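Trainee: I would be grateful for a close look at one part of this structure, followed by an account of how the rest of the chain is arranged.

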Amino acid sequence: MLEPKVWQLTAGSAVFGLVLAAGAVALAGPWDSGQRKAEREWAAAQGPTGGAHHDGERVRVPASAPSAAGVLAELGVSAESLSAPADLPGDLTKTLGPLLESPDLGPAPAASVVDVATGEQLFGQRADRPMAPASTIKIATAVAALSALGPDHRIPTTVVTADGGKGDDDKPGDRPAGESDGKPGNEADGKGEDPTEITLVGGGDATLDRAGLRSLAAGTARALRDRGVHRVSVRFDVSLYSGPREHPIGPNDNIAPVTALMAGQGRLDGSAADSFGGPAPRSGDPAGDAADVFADLLRERGLKTSGAPAAGKAPQDADRLAVTYSRPVSSLVERMLTNSDNDIAESLVRQTAIEAGRPASFAGAQQAVQAELKKLKLPVDGALLRDGSGLNRHDRLTSGLLTALLARAADPDRPELRPVLTGLPVAGFSGTLQGRYTDADATTGSGLIRAKTGTLTGVNSLAGTVVGPGGRLLAFAFLAEDAPAPDTAQRALDHLSAELVS
């Protein structure tokens, strides 16, 4: 049996832990089965999730324990101290100033540190200077998408057919209809019933996979059997997007051609079966490949197909046969940020453009995202968002805008933006920060810092959150250009952010 004093200390420690846990949960935002969704997906994957390091339900927040104030007093800690304003400007100038002079960060790095609760800038160096953000631009992509679409929005992929049989409004595109691909049950000899034309319509879901296509095929087969249809010709429609399919960087393992229809992100190495994010060889025709998989799945369900799938626009008078949906935008945002997923990023900015009534193109997405950030009254002067992923070297953001985006995501009046914070990788644990914060001068940040990384040749960036002295949540952003080497630049950025840990 525990002695009375030991029991009191144990109980006090437990309640104190509950108080701190309650505050942490309140800041952390959406959880799924007791673990942040993005982190749970990483743990389940048990594999590398490193992103392209480029060269909503309402949540109940536990209430504080009734005896918290008394317990804190016994422990010599005042409740007020946990919410006292951070008093850091002088200290940060002395601490961060010399670190920013490191040659590993190039000749003129930029920095911003703000108190999230007040929006006050505690430290700034070239904070209003537009610089290449690399993948930290995904924070802007996430905020704009969540604000415009809402966290519960899901992206559809549909299968339709024209009323009364085969539609002829549009001619097939790249793949001529009637051309046999030599697969069993795929005869194009014209014998038997006339094929019913169906169209697989891409909605822009960059996370569509074989399971989603299998669900679509099953629903389509059921609907066609109900109509007495046993033979089809397949089209695929990617007309939702406009403009160039190729990212300005050209064919690249870090991103597939940007189309409204793809499966497994066009990955050719099997990595889509594990977890997305990170470089991989990509198909030059992800939409056509997805349509081929869909046709194969239809044949598995007893339907005959006439010819190979052909590109073409769905008729306007089409009936929907089947539909599958992406996960909610909140989950897509978390996955994009944790894994630095470029394909999801380009999908989300186009969804933002569609919602705003703009073309779903690189140019239309840029206009839509900047307009959405202006609506949120964020400091977008000098910002240039040429893409949603940060692969474009002509992108420009300020470190001040990045910290403002993070602070807005933590705003209690903007709960729909909270997945921006919960999706940030955890230092030394998940996503693109899994292998970081290992040096002696940065280990204090391991497990305590959440941040989005960014890396292009000569460009390194880091932007995220940390609980600093006084128990206040701080947002930080560090941008470096013309850095001599990525490894040393990353270690310098880790060291900078680790200095903010309380």
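Is Gln265 buried or exposed, and why does it count as such?

Mentor: Gln265 counts as buried, because its relative accessibility is 0%, and the cut-off for a buried residue is under 20%. Please bear in mind that the model is predicted. Gln265 is found in the loop between β5 (residues 231–237) and α7 (residues 286–300). Its backbone also deserves attention: Gln265 has a positive phi of about 55°, although it is not a glycine. Most residues other than glycine have a negative phi.

Arg126 provides a second case of this kind. Arg126 is not a glycine either, and its phi is positive, at about 55°. Arg126 lies in the loop between β2 (residues 121–125) and α5. Its surroundings may be set beside those of Gln265: Arg126 counts as partly exposed because its relative accessibility is 34%, whereas Gln265 is buried at 0%.

These two residues may now be placed in the whole. The protein chain contains 13 helices and eleven strands. Of its 502 residues, 54% are buried. The chain exposes about 21300 Å², and carbon and sulfur atoms supply 51% of that area.

Among the helices, α11 (residues 399–409) is largely enclosed by the rest of the structure, because nine of its eleven residues are buried. The buried residues are Ser399, Gly400, Leu401, Leu402, Thr403, Leu405, Leu406, Ala407 and Ala409. They pack against three strands and three helices, namely β1 (110–115), β10 (459–467) and β11, and α5 (138–149), α10 and α12.

Strand β11 (residues 473–481) can be followed further through Leu479, which is found in it. Leu479 counts as buried because its relative accessibility is 1%. Leaving aside neighbours within four places in sequence, Leu479 is in contact with Ser399 and Leu402, and also with Leu397, Thr398, Asn460 and Ser461. The other contacts of Leu479 are Pro109, Ala110, Met131, Ala132, Pro133 and Thr136. One of these partners is remote in sequence: Pro109 and Leu479 are 370 residues apart along the chain, yet their C-alpha atoms are separated by 5.6 Å.

An aromatic pair may be considered next. A search of the whole structure finds one such pair. It consists of Phe476 and Phe478, whose ring centres are 5.5 Å apart and whose planes meet at 25°, so the pair is stacked. The cut-off for stacking is an angle under 30 degrees. Both partners are buried, since Phe476 has a relative accessibility of 0% and Phe478 one of 1%.

Another strand, β3 (residues 156–162), holds Thr158. Thr158 is buried because its relative accessible area is 14%. Beyond its neighbours within four places in sequence, Thr158 is in contact with Thr199, Leu200, Val201, Leu216, Arg320, Ala322 and Val323.

Thr444 offers a contrast in exposure. Thr444 lies in the loop between α12 (419–422) and β9 (450–456), and counts as partly exposed because its relative accessibility is 46%. Once neighbours within four places in sequence are set aside, Thr444 is in contact with Ala498 and Val501. The C-alpha atoms of Thr444 and Ser497 are 9.6 Å apart, and the two residues are separated by 53 places in sequence.

Finally, there is the matter of internal space. Rolling a probe the size of a water molecule over the atoms shows where empty space is left. The largest cavity holds about 60 Å³. Its lining comprises Gly204, Ala206, Tyr241, Ile255, Ala256, Pro257, Val258, Thr259, Met262, Asp343, Glu346 and Ser347. By class, seven of these residues are nonpolar, three are polar and two are charged.

The second largest cavity has a volume of about 40 Å³. It is lined by Ile137, Thr141, Val349, Ala365, Gln366, Val369, Leu385, Asp387 and Gly388. Here five lining residues are nonpolar, three are polar and one is charged. Helix α10 (residues 362–375) gives the most to this lining, with three residues. Helix α10 was also named above among the elements against which the buried residues of α11 pack.

How values were computed:
Residues numbered from 1 in each chain as written. Predicted model: local features only at pLDDT ≥ 70, side-chain atom pairs only at ≥ 80, totals over all residues. Heavy atoms only, no water. Helix = DSSP H or I, 4+ residues; strand = E, 2+ residues; numbered from the N terminus. Buried < 20%, exposed > 50% of the residue type's maximum accessible area, 1.4 Å probe, protein only. Contact = heavy atoms within 4.5 Å. 1 Å grid on protein atoms, 1.4 Å probe; cavity = no way out; pocket = protein on both sides within 12 Å on 5 of 7 lines; lining within 4 Å. Points joined across faces, edges and corners; volume = space filled by probe spheres on them. Nonpolar A, V, L, I, M, F, W, Y, C, P; charged D, E, K, R; others polar. Areas by Shrake-Rupley, 256 points an atom, 1.4 Å probe, with all protein chains shown as cover. Phe/Tyr/Trp six-rings, centres within 6.5 Å; stacked < 30°, edge-to-face > 60°.
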